[in-house]
Amino acid sequence: MARLGTGIGWRPEIADVVERMPGIDWVEAVAENLCPGHLPDSLLRLRERGVTVVPHGVSLGLGGAERPDAGRLAALAERVEALGSPLVTEHIAFVRAGGPLTASPLLEAGHLLPVPRTRDALDVLCENVRVAQDALPVPLAVENIAALVSWPDEEMTEGQFLYELADRTGVRLLIDVANLHTNHVNRGEDPAEALAELPLEAIAYVHVAGGFERDGVWHDSHAHPVPRPVLDILTDLASRVVPPGVLLERDENFPEGDELAGEVEAIRGAVEKGRAAGTARAAEQGLVAATARAADGAVAPRAARDGSGAGDAVRQRLGLAQAALLSALVAGTPVPEGFDRVRLGVQARALAGKRADVVARVAPELPVVLGAGYRPAFLAYAQKRPMTGGYRRDALDFVEHLMRNGRPRDADVRHELREWWLERSGPQPRSARPGARWARATRRVLLRR
């Protein structure tokens, strides 16, 4: 695996800052936010300077019961080729459930949800990863995610689950040390134990990010400074193997450039501290040569591929379980047996809050039109109305819901919302020509009669 160095997540809001930041060897961009034929000028300039760009997917749902969608895989491959990337990454998660496999409505989470660490789920995940590997033009690495909830009756630890996945498929691992910290706080899992069980030679790179704790629950926000416990886990990892790349993730609440650069330097410092500790420990044990080989990425990943696949019965069992959980989170149905009701409530509120935030970015006019009433109105809407077609569709459905219920009460605001909805609900924008505008006005008058 090629060495990447130190990087930062590229986001449009900090594009200029990233371009000016010294010592950035590579960047990662959310794949779904890129159009291959119209890449942002900032990314093109970075590529011209020799900065590696890695696309990071968030919507494949490799941990879901269904096989990966061919269209999504093709779109991801197109972005890889447009960026000239040496690898591509995704998540060990499910993001949708239901549909024909379970004879139930298809539901979208709008977020990454954990898969159960069971043999059934592992079989499905391994087959889905192989399908993705065959469809992508470069190596795939998959990321461990943060979780607020735990599945009942799990059969493996996170480290064991990831080890078997890498062993059976040869897939690379993207290890998020912030997510290990999240699972430590929320699920009582020991990050050192997880690191000890990982196939360290399979690590492609590492994510580092910040979050916050509220009422004993750690929220992986990507909007706060990286805390010391996360840096300590990074140091522990770097004492075991020098990762090919380390990257700072920040998705919102962006600080000034100097503060971001300071976080990148803190990450470098944590890696160097770990590397020094690892060298000293290896020297004591007479393993300096082995440590050097691991640091150079010379140890090949365990790539034994078994021929087994997940049968339809296994996929259906997993699909029913995931649909029941997702329905409880986004549609207000009863909590499945064995889950913590309180923690599920925290996750449900977090999902609704994220939906509100993303819809506000996708449709920035709505918070302007509705003012302070936007967020409470959207959260009330989201309680029992799951997302079914992406965030743009979600914004349109939200406004339609308000209009059908005579909300808001201010007639001028309702009119503005209606105009916004009409402008965006059709296959193409409405014409602004005077004749077309006159025809629409005439139609509205006739419909009122």
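**Close-up 1. Buried residues of helix α4 in a predicted model**. In α4, the buried residues are Ala121, Leu122, Val124, Leu125, Cys126, Glu127, Asn128, Val129, Arg130, Ala132 and Gln133. The model shown is predicted. Which elements do the buried residues of α4 pack against? They pack against two helices met earlier and later in the chain, α3 (70–83) and α5 (158–169), as well as α11 (312–330) and strand β7 (140–143).

**Close-up 2. The span of helix α4**. Helix α4 covers residues 119–135, which is 17 residues. At 1.5 Å a residue, α4 should span 24 Å. The end C-alpha atoms of α4 are 25 Å apart, so the two values agree.

**Close-up 3. Contacts of Leu165**. Neighbours within four places in sequence are left aside here. Leu165 then touches Leu122, Leu125, Cys126 and Val129, which are buried residues of α4. Leu165 is also in contact with Ile92, Val142, Gly170 and Val171.

**Close-up 4. The largest nonpolar core**. This core has 91 residues. Leu165 is among those with the most contacts inside the core, together with Val27, Leu140, Val208 and Leu234. A second core is separate and has 23 residues, including Ala363, Phe378, Met387 and Tyr391. In soluble globular proteins, nonpolar side chains tend to be buried together.

**Close-up 5. The chain around these views**. The chain has 17 helices and 12 strands. Of its 449 residues, 50% count as buried. Among contacts with a separation of 6 or more, 76% join residues 24 or more positions apart. The accessible surface of the chain comes to about 20500 Å², and carbon and sulfur atoms account for 52% of that surface.

Notes: Residues are numbered from 1 along each chain as its sequence is written. This is a predicted model: local features need pLDDT of at least 70, side-chain atom pairs count only at pLDDT 80 or more; totals for chains, interfaces and linings use all residues. Side-chain values use heavy atoms; hydrogens and water are left out. Helices (H or I, at least four residues) and strands (E, at least two) are DSSP runs, numbered from the N terminus. Buried means under 20% relative accessible area, exposed over 50%, partly exposed in between (1.4 Å probe, protein chains only). Contact means heavy atoms within 4.5 Å. Accessible areas come from the Shrake-Rupley method with a 1.4 Å probe; for residues, only the protein chains shown count as cover. The expected span of a helix is 1.5 Å times one less than its number of residues. A nonpolar core is a set of buried Ala, Val, Leu, Ile, Met, Phe, Trp, Tyr and Cys residues joined through side-chain atoms within 4.5 Å.
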